[in-house]
Amino acid sequence: EEAFEDESPVEAAAQEAQAVEEAEVVHAVRPNVPIAQDPTDPDVDLDLTDLDTELLDLFLEESNDILDHADGMLAQLRDQSEDRETIVNLQRDLHTLKGGARMAGIYAVGELGHAMESLLESVAEGRQALGAIGVVVLERGFDRLHGMVARIGERKAIALPAGLIAQVEALSQGESLDSLEA
């Protein structure tokens with residue numbers, strides 16, 4: 001509202017209308033993608049019984065770096081969903097994240113990372129197109145990976161995001177997400 005102080009009410013209303021119109025255009029371009037039905041994370045501590053905490057801490061440090069790098073790549077992918085170099089870089093990040101998660105015993109992160117890596121592999125090899133729906137699903141996947149890693153850092157348990165993994169796998173196989181709603 002402060003930006004509109006020196007303007008007449010008509011100018012302010014025109015600028016506000018333009019801002020709303022621009023937001024609607026951005027929203028119209030973004031596809032409506034169903035939200036995966038996944039369980040919430042359990043409200044319990046992470047079971048460290050079979051985990052090497054030193055390895056876990058190394059994974060956490062590395063995964064935060066990987067996810068930060070992937071965020072930059074994902075921003076590029078939003079603008080150019082067919083850019084092969086960006087796709088390959090994201091695929092490489094996910095491969096490293098998956099391997100570290102599995103080595104540390106955090107299999108839910110490894111499974112989601114694997115599914116996302118496979119989708120990007122199919123896109124990089126030209127078997128599937130990513131498209132706007134694929135970008136949205138990848139964004140959700142990276143958001144979930146961030147959340148999972150943050151919870152692991154707090155030594156809290158995480159749930160396997162089976163619904164999100166199913167969406168990623170469907171896209172990887174060229175299937176519609178509508179087929180999952182049955």
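Where is N32 found? In this predicted model, N32 sits in the loop between α1 and α2. The legends below go from the whole chain to single residues.

**Figure 1. Overview of the chain, a predicted model with six helices and zero strands.** From the N terminus, the elements run α-α-α-α-α-α. The chain has 182 residues, and 40% of them count as buried. Take the contacts with a separation of 6 or more: residues 24 or more positions apart account for 74% of them.

**Figure 2. Close-up of the loop between α1 and α2, with N32 and Q37.** N32 has a relative accessible area of 77%, which is over 50%, so N32 is exposed. N32 and I133 are 101 residues apart in sequence. In space their C-alpha atoms are 7.9 Å apart. Q37 belongs to the loop between α1 (9-29) and α2. Q37 is exposed too, with a relative accessible area of 69%. Its side chain reaches the backbone oxygen of I35 at 3.2 Å. Along the chain, Q37 and G163 are 126 residues apart. Their C-alpha atoms are separated by 5.3 Å.

**Figure 3. Close-up of the largest nonpolar core, a set of 47 residues.** The residues with the most contacts inside this core are F59, I106, V109, F142 and L145. Five elements are listed as giving two or more residues to the core: α2 (53-79), α3, α4 (107-124), α5 (131-153) and α6 (162-172). Which residues does V109 touch, not counting residues up to four places away in sequence? With those left out, V109 touches F59, L97, A101, L145, M148 and I158. Two of these partners, F59 and L145, appear again among the residues with the most contacts inside the core.

**Figure 4. Close-up of K98 in helix α3.** Helix α3 covers residues 84-104. Is K98 buried or exposed? The relative accessibility of K98 is 11%, which is under 20%, so K98 counts as buried. The side chain of K98 makes a polar contact with the side chain of E117 at 2.9 Å. K98 also touches G110, G113 and H114, along with E117. That list does not count residues up to four places away in sequence.

**Figure 5. Close-up of R144 in helix α5.** R144 has a relative accessible area of 19%, which is under 20%, so this arginine is buried. What joins the side chains of R144 and D41? A polar contact of 2.7 Å joins them. Not counting residues up to four places away in sequence, R144 touches D41, L112, A159, P161 and L164.

**Figure 6. Close-up of α5 passing α6 in a left-handed crossing.** On the α5 side, the contact is made by I133, G134, V137, R140, G141 and R144. On the α6 side, L164, Q167, V168 and L171 make the contact. The axes of the two helices come within 10 Å. They cross at roughly 145°. Helix α5 itself has 23 residues. From its first C-alpha to its last, α5 reaches 33 Å, close to the 33 Å expected at 1.5 Å a residue.

**Figure 7. Close-up of R155, in the loop between α5 and α6.** What is the phi of R155 near? Phi is near 65°, a positive value in a residue other than glycine. Most residues other than glycine have a negative phi. R155 comes just after α5. With a relative accessible area of 22%, R155 falls between the 20% and 50% limits, so R155 is partly exposed.

**Figure 8. Close-up of α6, a mostly covered helix.** How many of the eleven residues of α6 are buried? Eight are. The buried residues are G163, L164, I165, Q167, V168, A170, L171 and S172. What covers them includes α4 and α5. Of these buried residues, L164, Q167, V168 and L171 also make the contact with α5. Just after α6 comes G174, with a positive phi of about 80°.

How values were computed
Residues numbered from 1 in each chain as written. Predicted model: local features only at pLDDT ≥ 70, side-chain atom pairs only at ≥ 80, totals over all residues. Heavy atoms only, no water. Helix = DSSP H or I, 4+ residues; strand = E, 2+ residues; numbered from the N terminus. Buried < 20%, exposed > 50% of the residue type's maximum accessible area, 1.4 Å probe, protein only. Polar contact = N/O pair within 3.5 Å; in protein donor to acceptor, adjacent residues only side chain to side chain. Contact = heavy atoms within 4.5 Å. Core = buried A, V, L, I, M, F, W, Y, C linked by side-chain atoms within 4.5 Å. Expected span 1.5 Å × (residues − 1). Axes fitted to C-alpha atoms, helices over the stretch in contact; angles between N-to-C directions. Left-handed = near helix turned anticlockwise from the far one by under 90°.
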